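Hi there,

Here is the structure I promised to pass on. Please open it alongside this email, as my notes on it come straight after.

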Amino acid sequence: MTVGGRHVSLALALAIVGALSTFALPVPAASAATVEPGADLIELYGGDPDAEARLVLAETQRINDVLSTLGAADRLGLDLSRPFRLDTPVTATMVLTARSSSYTLDELVRLSPRSVTRSPDGGIEILEHIVVSQGATLLITSSEAENVRLRSGAEGFASIVAAGGSLSARGEPERPVLLASWDPATDAADEVTDDGRAYIRVFGGRAEFVNVTIEHLGFWGGITGGLSFTGTEIPTVEVGSEQLAQESALADAAGVDVLPLESELETLELIGEELDLGYASGLVQSVTLVGNAFGIFVTASDQVEIRDTLVQASLVDGIVFHRDVTNSAVISTVTRGNGRDGIRVARATSSVLMDRLDSSGNGRNGVTLDGGAIVDGPSAIGMAVRVSGDNVLTGSTASDNGRAGIAVVDGVNIELRGNTVARNGIGIVVSKGASSVQIVDNEVSDHPAQAIALRDAGSDLVLRDNRIDGATTGIMVRDSVGVYESNTITGVTNHGVTLIGDTGNSVIVDNRIAGAGPSPIDVIRTNGAAVRGNEVTDWRSTKPLSVVLASMFQPLTILWIGIGLFILLGLAYGARRRRRGIHDPFADRRPLATMTRGIVPRESIEST
C-alpha cells in the first residue's frame, strides 16, 4: 500500500511507536489498579518494592507500545495477517494477529523457536512475551503439553497477555495443564519477585482456564500479580496533520530494529478497525493456583466466573475483585493460607455472587466486602461519590483467619446468609457506614471477642435467625441502627446483645440468650432501643471482681467506710478500757509506805 506517494512496510509501522511518543496512549485507569500494601504486608511480601513498582509501570508501557503499533499499522492499512515479533525492552514480544483459527503452541514453536520452544522432556518453554491481539485466539491444551513453563529469572521474564484477544487453556481432569514460572539458572520455579516474575493477563479480552494448575507467577501489582483479568476502554488517538507529516517523514527511516519471524512477511492491503478492547471476561474452573503474588486479580471486568478452584499461599490476596467488576461469581472455591485476605471484593464492584466458599487460615480476613466510594468529594478526574453493593455471600465457611471471618466495609445491599464462621479473631464485622446489610441464618462460633460486631455502620441492618456460640459478646452494636431478631446466643461471657452510642430506634426482639455475665441485654449506654419478647431464663447474672470493687470503692463509699472504721475502733478501745478498770496515772509515784503493812510491833514479829 502507498500513503502520500510512499510505500509503507510493516517495519515502518513498528517504528512509528518510538517516533510518536507525544501521541502515545495514556495509561488506562485500570492499569494503575494495584493494591498498596501496608508496612506489615511489605515485610511479609519481601521483594524489592521500588524495583518491582518500576517493573509494573514498564510492563504497562510495553503493552501500550504494542497496542500503539497495532493501531498505527491499522490506520496505515498494513498487512497484519501473520504474527510478528517486536523488539521491546529486555525481552522481545511476539504478537499474534487476528485470524479465524486458533494459534497453538506447536504452531508457535514452528513459527518462532526463539519465542517458544519444546524442551527435551516434551514440555513447552515460553521464552519471550506473547500478546494475543484482538481477533486472535491462543489455545493451550494438555494434548500438546502438560507442562508449559514461562521463563522467569534474573535475565528477564516472559508473559502471556490477551490484549483484546482470547486465551484458552484446557486440560483434562486427570491431565491438567501446568502453567508455571521457570528459572533457567536453577531449573526450578522462580520464587524471587525482586526482578519481576512471569505472569498471565487478560486485558480487554476473554479467557477460559479449565483443569489447569498455575504456580509461582506474578509480582507486586494486581495487573502483574499472577492471573489477572483487567479490562478497560482504550481511548483512540485522532490522526491529525502533524501526525501524518511525521508518519510520512518516517517512510525514509533506516535501521528499524524489528525482529521478524523466521520468514519474511508480505505487505498486503488491510482495512483496519478502531482498537476498543472493552471489559475482560472469562471462566476459571477446576484450577489450582499456588504461590502467586495475587492468586486471581480482576478489575474492569464483566461476567467473570470462578468455580471449583483452589487458591493457596498467595503472597498478597487470594482472589481480588478490585474495581468496576459486575455480574460475576465465585462458586465452590477454596482460598486458604494467603498472605492477606482470602477473597477481597473492593470498591466500585457490584452484583457479585459468592456461594459455597471455604476461606480459611488467611493472614487477615477470610472474606472482605468493601463497597465504599472511590472518592469522598470533588476530585481531579471528577468521579461520582457513589457506594457499591448488591453483593451476596451464601453457604460459605470462613474459619481460622487472622482477623475477621467476614468483614463488610461500607456499601449497600449486602447479604450474608447461611454461612459458617468459626475461630477467627472476630466473627462478622460491619463498619464504616455499610447499610441495608442482612445477616441471616449464619453459624458463628468460638471467637475471643465479639461474634458479630456492627461498628459505625449505617441503618437498615438486619440480624435474624443466627446461631452464636462462644464469644465475649454475642452481638455488639455501636452507632448503628438495625433489627436484631430471633437469634440464638449461647456461651457468651459478657453480654448477649449490647448497644452503645447512637443506635436510633433499634429493636431487640424474640432472641434466646444463654450465658453468664453482667446482663444478657445491655442498653444502658444508648437511648431509644426497643427490647421485648427475649428469652433470658438461662442467663446467669455475674459481675466480675473488677466491677464489684469499682462499685464498692466509690469516693463517698470510701469516706463512709473510713468514718465507720474510726467509730468502730474507738468503741473497741473504750470497751477494752472498761474491762481493765480505772487506771491510776500516778501509780508509779506512790509512797513506799503505802505499799507495806506499815509499822509492825517487835513482839508480833517475835511471836511469829
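Below I go from the whole chain to its cores, a helix, the salt bridges and one serine.

Before anything else, please note that this is a predicted model, in which local features need pLDDT of at least 70 and side-chain atom pairs count only at pLDDT 80 or more, while totals for chains, interfaces and linings use all residues. Numbering starts from 1 along each chain as its sequence is written, and side-chain values use heavy atoms, with hydrogens and water left out.

The whole chain

The chain has 608 residues, and 49% of them are buried (buried is under 20% relative accessible area, exposed is over 50%, and partly exposed is in between, with a 1.4 Å probe and protein chains only). Its secondary structure comes to 8 helices and 46 strands; these are DSSP runs numbered from the N terminus, H or I of at least four residues for helices and E of at least two for strands. About 27600 Å² of the chain is exposed, with carbon and sulfur atoms supplying 54% of that area (Shrake-Rupley method, 1.4 Å probe; for residues, only the protein chains shown count as cover). If you take contacts (heavy atoms within 4.5 Å) between residues at least 6 apart in sequence, 64% join residues at least 24 apart.

Cores and a helix

The largest nonpolar core holds 87 residues, and Leu138, Phe209 and Phe229 have the most contacts inside it. Apart from that one lies another core of 27 residues, including Leu78, Val131, Phe157 and Phe203. By a nonpolar core I mean a set of buried Ala, Val, Leu, Ile, Met, Phe, Trp, Tyr and Cys residues joined through side-chain atoms within 4.5 Å.

Helix 3 (residues 49-75) has 27 residues, which should span 39 Å at 1.5 Å a residue, and its end C-alpha atoms are indeed 39 Å apart (the expected span is 1.5 Å times one less than the number of residues). Just after helix 3, Gly77 takes a positive phi of about 70 degrees.

Salt bridges

Side chains of opposite charge can pair when their charged atoms come close. Counting a side-chain nitrogen of Lys or Arg within 4 Å of a carboxyl oxygen of Asp or Glu as a salt bridge, the total is 23. Here are some to look at:

- Arg99 pairs with Glu107, with the closest N and O atoms 2.6 Å apart. Arg99 counts as partly exposed because its relative accessibility is 27%, while Glu107 is buried at 16%.
- Arg467 pairs with Glu443, again with 2.6 Å between the closest N and O atoms. This pair links distant parts of the chain, 24 residues apart: Arg467 sits in strand 39 (residues 467-478) and Glu443 in strand 36 (residues 443-445). Arg467 is partly exposed at 31%, and Glu443 is partly exposed at 36%.
- Arg525 pairs with Asp522 at 2.5 Å between the closest N and O atoms. Asp522 is buried, at 5% relative accessibility, whereas Arg525 is partly exposed, at 46%. Elsewhere, salt bridges that share partners join Asp341, Arg344, Arg364 and Asp370 into one network.

One serine

Where does Ser281 lie? Ser281 is in strand 18 (residues 280-290) and counts as buried because its relative accessibility is 16%. Its side chain makes a polar contact with the side chain of Arg206 at 3.4 Å (a pair of N or O atoms within 3.5 Å; within protein, one must be able to donate a hydrogen and the other to accept it, and residues adjacent in sequence count only if both atoms are side-chain atoms). Leaving out residues up to four places away in sequence, Ser281 touches Val202, Gly205, Arg206, Ala207, Phe229, Asp302, Gln303 and Val304. Phe229 also appears among the residues with the most contacts inside the largest nonpolar core.

Best wishes
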